[in-house]
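Here are a few short exercises to work through with the model open in your viewer. Try each task before reading its solution.

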Amino acid sequence: MNTFDAIRTYVLEIDWRYFTELVFGGLTKGSIYALISLGYTMVYGIIELINFAHGEIYMIGAFTGLIAAGVLGYYGFPAAGIIVVAAVVAVIYCSAYGYTIEKIAYRPLRSAQRLSPLISAIGMSIFLSNYVLIAQTQDFVRFPKLLPDIQFPEFFQGILRSSSFFIIVTSAVVMICLTLFIKFTRLGKAMRATAQNRKMAMLLGINADRIISATFIVGSGLAAIGGVLIASHTQQINFNIGFIAGIKAFTAAVLGGIGSIPGAMLGGLVLGCCESFATGYFISDYEDMVAFAILILILIFRPSGLLGKAKVQKV
Amino acid sequence: MSSMLQLKGLCTYYGNIQALWDVDLKIDEGEIVTLVGANGAGKSTTLMSVCGVVPVRRGEILFEGKAIQNLKSDRIVRLGISQVPEGRLIFPDLTVMENLEMGAYLRRDKSEITKDINYVFELFPILANRRHQSGGTLSGGEQQMLAISRALMARPRLMLLDEPSLGLAPIIIRQIFDIIRMVNERGTTVFLVEQNASQALKVAHRAYVMETGRITLSGTGEKLLADKTVRRAYLGG
């Protein structure tokens, strides 16, 4: 048997249904990672801070969505309307959180040495998760099923859940909107300019503080969308989900090249798929290990990430 | 007539180190005024103080009679002061076009902005060819042209230039200085900080010499060009 035949036999032997299922699983998780990691990467791009409280924003987004959905459900809204309104409420609420966190925990430390805001971020993260623990509960809470069921073509039945489908599509739309916003709007351009050279941006009349606030607001809004989406997918949430999701999304941001927006999107999707394939084909119990092994390998062999640029300074 | 920009007894510190000592200086509307001096004399600090980037500890900065030393830099830009900073500070990942748009960040008059973009493309045709290229790919001279154009996009009443000739080929320097003169003739007041004293003094109406944070000499450009100490210190004999 020659090589060509060997390859053909191998390809024929692949269980394509299972493979597709893993791809969908990876894209679902990856989309969520991407949504969260955008907040990390945008904030890092503009003030070189890893905002460790960002994962908690995602968790608060999920809780806000749950509370809003509960209230709306009580008044008898239709399910499809509830998810949209709940997501909008979560986005607004989390954006306010992001804005406030920056204002009280990072802005006073703007000219301090780099370690101080980082520690402040970790403190903020612990504070927020404990605050939700006290204010809500330590148990897992059930999140209502809000996304409608879709009748897929036969091939996809059983391997693609409609919530996955919604997550992938919504994330794609949100990320396209973000890209257009960053590329073409006045505020988006000012964000890029401020990220590239804050002093010069100020010399052009750009209010850097306001741009930084806007970055936190946008990043937190994205995390909130991620939170509501994942909650309606797994249908259970808890005060601690922000921690692991935050670290995974951070890994995705580093994988894509921290500071790079397309990098965060790509990094999220790649990380999600890697996890999905690794658990689907090799080691089903060690999902988290895969992500952190990737983090370590990236930090050692390609610290600038997939799409990040090694910094070259022109004199 | 009151001056456009006036510094009165300006003292600026970096931490505990005093960088400017009682700097007095004035610029009238329509002038090109230059501030020459060696490395570390405090020239850039003077500009940064005017722009509100470095805090002023004592003294006053009056722009058209109004004290601006406590304003934030974006407020100062709004009053009509633009800076072409040392090292050009082009946004490397923004295109030439986007860099220019950022120069007009505070303006909302779209059609006039388009007009001004065409105007700077007329001044520097090379930028028009490179409009979709990112700023980081331009040569040093092109970046300087872009930095000047970006400052012009704000339609400043007063333009501050920090070492525009730094690191450029003589032929480009001549072109840059021609443009500065032309910008001035079209009604923008220019405050030029330079180490390249011979070029700067030729183009300037009036000049100040700065040494270790103090103004030590002032007068018309021609007068300083002829001055013995200036010749010895800055013009090579």
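**Exercise 1: a hairpin at the sheet edge**

In this predicted model, β9(B) and β10(B) are joined by six bridges and pair in the antiparallel sense. Task: find which residue of β10(B) stands opposite B:Glu211, and how many residues lie between the two strands.

Solution. Start with the pairing: the residue facing B:Glu211 is B:Arg214 in β10(B). Next, look at the turn: two residues sit between β9(B) and β10(B), making this a hairpin. Finally, check the backbone there: B:Thr212 has a positive phi of about 40°.

**Exercise 2: the whole sheet**

Task: work out in what order the six strands of the open sheet in chain B are arranged, and which strands are at its edges.

Solution. Going across, you should read β6-β7-β8-β3-β9-β10 (chain B), with mixed pairing. The edges are β6 (81-84) and β10 (214-220) of chain B, since each of them pairs on one side only. As for twist, neighbouring strands of this sheet are turned by 15° against each other on average, ignoring direction.

Now go to the β6 end. β6(B) and β7 (residues 158-162) of chain B run parallel and share four bridges. Within that pair, B:Ser82 is opposite B:Met159 of β7(B). Helix α6 (residues 140-152) of chain B packs on the sheet here, touching β6 and β7 of chain B, and its direction is at about 175° to that of β6(B). Another helix to pick out is α1 (residues 43-50) of chain B: this one lies across β3, β6, β7, β8 and β9 of chain B and runs at about 145° to β7(B).

**Exercise 3: another hairpin**

Task: find how many bridges join β1(B) to β2(B), and which residue of β2(B) is the bridge partner of B:Leu5.

Solution. Count seven bridges between β1 (residues 5-14) and β2 (residues 17-27) of chain B, which run antiparallel. B:Leu5 has B:Ile27 as its bridge partner. Two residues separate the strands of this hairpin, and B:Gly15 in the turn has a positive phi of about 65°.

**Exercise 4: crossing helices**

Task: decide whether α7(A) is roughly parallel or roughly perpendicular to α9(A).

Solution. First, get the angle: the axes of α7 (residues 186-196) and α9 (residues 208-234) of chain A come within 10 Å and cross at roughly 110°. That falls in the 65 to 115 degree range, so α7(A) is roughly perpendicular to α9(A). Then list who touches whom: α7(A) brings A:Leu187, A:Ala190, A:Met191 and A:Thr194, while α9(A) brings A:Ala208, A:Ile211, A:Ala214 and A:Thr215. Sorted by type, the residues of this contact are six nonpolar, two polar and no charged.

**Exercise 5: where the chains meet**

Task: find how many residues of each chain take part in the contact between chains A and B, and which element supplies the largest share of chain A's side.

Solution. The count is 15 residues of chain A against 21 of chain B. On the chain A side, α7 and α8 (198-203) each supply at least two residues, and α7(A) has the largest share with five. By type, the chain A side has seven nonpolar, four polar and four charged residues.

**Exercise 6: buried or exposed?**

Task: say whether A:Ala135 is buried or exposed.

Solution. Locate A:Ala135 in helix α5 (residues 115-135) of chain A. There are 9 other C-beta atoms within 10 Å, and the cut-off for exposed is 12 or fewer, so A:Ala135 is exposed.

Note on methods
Residues are numbered from 1 along each chain as its sequence is written. Chains are lettered from A and ligands numbered from 1 in the order in which they are written. This is a predicted model: local features need pLDDT of at least 70, side-chain atom pairs count only at pLDDT 80 or more; totals for chains, interfaces and linings use all residues. Two strands pair if DSSP finds at least two bridges between them. Axes are lines fitted to C-alpha atoms, for helices over the stretch in contact, and angles run from 0 to 180 degrees between N-to-C directions. Two residues are in contact if their C-beta atoms, placed from the backbone, lie within 7 Å. Angles under 35 degrees count as roughly parallel, over 145 as roughly antiparallel, 65 to 115 as roughly perpendicular and the rest as oblique. Ala, Val, Leu, Ile, Met, Phe, Trp, Tyr, Cys and Pro count as nonpolar, Asp, Glu, Lys and Arg as charged, and the others, Gly among them, as polar. A residue is buried if 20 or more other C-beta atoms lie within 10 Å of its own, exposed if 12 or fewer, and partly exposed in between; C-beta atoms are placed from the backbone.
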